[in-house]
Amino acid sequence: MRPEDLLCPTPQGLCCRPAGVHVDPTRPVERALITHGHSDHARAGHGHVMATPETLRIMALRYGEDFAGSVQAVEYGEVVTLKGGVQVSFHPAGHVLGSAQILFEWKGFRAVVSGDYKRERDPTCAAFTPVPCDLFVTEATFGLPVFRHPKASDEIAKLVSSAELFPERAHLVGAYSLGKAQRVMALLREAGWEKPIYIHGALQKITEFYKEEGVPLGEVVHVASDERRNRGGDIIICPPSALQDIWSRKFPDPVNAVASGWMRVRARARQQGAELPLVISDHADWDDLGRTIKETGASDIWVTHGAEEALVYWCEQQGLKAKPLHLVGYGDEEAEEIAAPVDGA
């Protein structure tokens, strides 16, 4: 069977025609399977949405309880049979809380759509699980050899050392509001940071959700407007765009830090005004993209959003059949948030 008999790109996104479903559709569809809660993958307005329980709750927090006509929660490893006899199951992607790869099985053929994923340990979500398959659909956000991420724990150690070295200065950390911000908090706790962690108001709802799900974040406090001048020696986490906002100027001599895989590129760090760039990513780096492709055992590789052509070329050098999908509407959720206005300060 050809992979295209099971999955094919459409204007709405990747479609499984035998089952009548789309994966992370960019436009409203009748039936959607959602890999995770980031806004470039999880959109409101679909007729029926199937996802992990955590992803469904995140979508409800972001879009309201009526974000879809109906929903169906699927636990990791649970097998659901769809129209045409297509079986689907969700497996951990290690990207953010509730994130999943989706396995399609039909007529003996196995295809995995991975969404966004990473291989580095993350204390806030289930670890990525390689799923053997014939077709692997992979992201390529950091699909260039220049992107080799250091250990996130080492980057957090730099932040703690700076906060201890400059106790009179506030340390502002720009981090994506869903997943990255909570991961930074959890890593700070693992590094021994015992003081309260202060947050921008835009992070409150998602952070409370993580705590309700049992993620150990310690004492997290919304920083009040009239207390910003007293936050010397503290660590405050905010959306990246807040670093450029008047909100950040109220803190004492702030050290601007940005937690992102793009901080590997000095020009991007300068562009975002990062005095302390922290190379912390929720995506697989170049080495882990290749490692993962090999571990799936897939002979066909489809590449989406990112450096598609570079990763396709690498696959071909390994003797694999590969092609870019050129799907429109997926991208770098961190970059989108940097450009977005913030509220809830």
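**Group meeting: cysteines, a hairpin and a parallel sheet**

Okay, let's start with the cysteines: there are zero disulfides in this structure. Keep in mind that this is a predicted model. Cys 133 is in no disulfide, and the nearest cysteine sulfur, the one in Cys 315, sits 12 Å away. So why is there no bond from the Cys 315 side? Because its closest cysteine sulfur, in Cys 133, is 12 Å off, and that's too far for a bond. The cut-off here is sulfur atoms within 2.5 Å. And for anyone at the bench wondering, are these two buried or exposed? Cys 133 is buried, with a relative accessible area of 6%. Cys 315 is buried as well, at 0%.

Next up, strand E10, which covers residues 109-113. This one is mostly covered, with four of its five residues buried. What does E10 pair with? One partner is strand E9, residues 100-106, which runs antiparallel to E10 over five bridges. In that pairing, Glu 105 stands opposite Arg 110 of E10. E9 and E10 make a hairpin with two residues between the strands, and Lys 107 there takes a positive phi near 55 degrees. The other partner I want to show you is strand E11, residues 135-140, and this time the pairing with E10 is parallel, over three bridges. Look for Val 113, which stands opposite Val 137 in E11. As a quick reminder, strands of a sheet pair through backbone hydrogen bonds, either parallel or antiparallel.

Now rotate to the other sheet I picked. How many strands does this open sheet have, and in what order? Six, and reading across you get E14-E13-E15-E12-E16-E17, with parallel pairing. The edges are E14, at 220-222, and E17, at 276-278, and each of those pairs on one side only. From one strand to the next, the twist averages 25 degrees.

Let's zoom in at the E14 edge. Strand E13, residues 197-199, pairs with E14 in the parallel sense over three bridges. If you want a spot to click on, Tyr 198 has Val 221 in E14 as its bridge partner.

Last thing: which helix lies across these strands? That's H3, residues 180-190. H3 lies across E12 (171-174), E13, E14, E15 (235-238) and E16 (255-259). Relative to E15, helix H3 runs at about 160 degrees.

That's my tour, thanks, everyone.

Conventions. Residues numbered from 1 in each chain as written. Predicted model: local features only at pLDDT ≥ 70, side-chain atom pairs only at ≥ 80, totals over all residues. Heavy atoms only, no water. Buried < 20%, exposed > 50% of the residue type's maximum accessible area, 1.4 Å probe, protein only. Pairing = 2+ DSSP bridges. Axes fitted to C-alpha atoms, helices over the stretch in contact; angles between N-to-C directions. Contact = heavy atoms within 4.5 Å.
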